[in-house]
Amino acid sequence: MRPESTNGTSGGRLTVPMAWLCAEYIADEMLRTGELVETGSLEYRAGRQTLALTVYLCDATEGLAGTTAVARIEEWLVLTSYGHPWQAWVEDRLAAREARLEQEPGGAADPDLALARAAWKWLRTTELLATDLGDGDLSRPPHGPGRPLYMTDMTGPFESGPPFETGVDESARIWTPAWRLGLPLSHLAIHLF
């Protein structure tokens, strides 16, 4: 592999996306240590991509030692906590990075940002069948993806379930964007790390 230039451009050589690769490594280590889901599963990938995106957008791929690491971990816990507007935060951060890149002379492509964008696209467009945690997303259609599925009667059509306010029914399954599953996995992995 040819080395990356230090002045921000590759000088015609291969540019290595080190910030994104470091963020993915950190996320992978945290998820593997937590042993929450099987490595290689879609759930694992959702957690890894969600956590890597969080780490990358926090500019936390350098200097993770000592008190800096503790401060970063606390920041990641807040960002991945229930109720935090993580989706809007990601979109704002990605847009800010793209705007900053466009203002730079030459407007060079950023391989880290390209990988982060690809991860975000995958997290938004891939839906996984997961337990309905009752997060109150009533904007989903009553039929198709996002509709609760009750696995108690597999012989007939699925019935719509009770409203979200009645509690969590662990047999209820819904199709949800991968990031919605990856977010609590990330949060738990950070706690267990």
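Glu98 counts as partly exposed, at 27% relative accessibility, and in this predicted model its side chain meets that of Arg117 in a salt bridge with an N to O distance of 2.6 Å. The pair connects distant parts of the chain, with Glu98 in helix 4 (residues 86–103) and Arg117 in helix 5 (residues 111–125), 19 residues apart. A search of the whole structure finds 4 salt bridges, while the number of disulfides is 0.

**The bridge between helices 4 and 5**

- Arg117, the partner of Glu98 in this salt bridge, has a relative accessibility of 29% and counts as partly exposed.
- Side chains of opposite charge can pair when their charged atoms come close.

**The network around Asp28**

- Asp28, which lies in helix 1, is joined with Glu29 and Arg32 in a network of salt bridges.
- Within that network, the side chains of Asp28 and Arg32 meet at 3.3 Å, taken from N to O, and the two residues are separated by about one helical turn because they stand 4 residues apart in helix 1 (residues 18–34).
- Arg32 has a relative accessible area of 41% and is therefore partly exposed, since that class lies between 20% and 50%.
- Beyond its salt bridge with Arg32, the side chain of Asp28 also makes a polar contact with the side chain of Tyr44, at 2.4 Å.
- When neighbours within four places in sequence are set aside, the residues in contact with Asp28 are Tyr44 and Arg48.

**The bridge within helix 3**

- Arg72 and Glu75 form a salt bridge through their side chains, with an N to O distance of 3.1 Å.
- These two residues are 3 residues apart in helix 3 (residues 67–79), so about one helical turn separates Arg72 from Glu75.
- Glu75 counts as partly exposed, with a relative accessibility of 28%.

**Cysteines and disulfides**

- The structure holds 0 disulfides, a term that would require a pair of cysteine sulfur atoms within 2.5 Å.
- Cys22 has a relative accessible area of 27% and is partly exposed, whereas Cys58, at 5% relative accessibility, counts as buried because its value is under 20%.

Notes: Residues numbered from 1 in each chain as written. Predicted model: local features only at pLDDT ≥ 70, side-chain atom pairs only at ≥ 80, totals over all residues. Heavy atoms only, no water. Buried < 20%, exposed > 50% of the residue type's maximum accessible area, 1.4 Å probe, protein only. Polar contact = N/O pair within 3.5 Å; in protein donor to acceptor, adjacent residues only side chain to side chain. Contact = heavy atoms within 4.5 Å.
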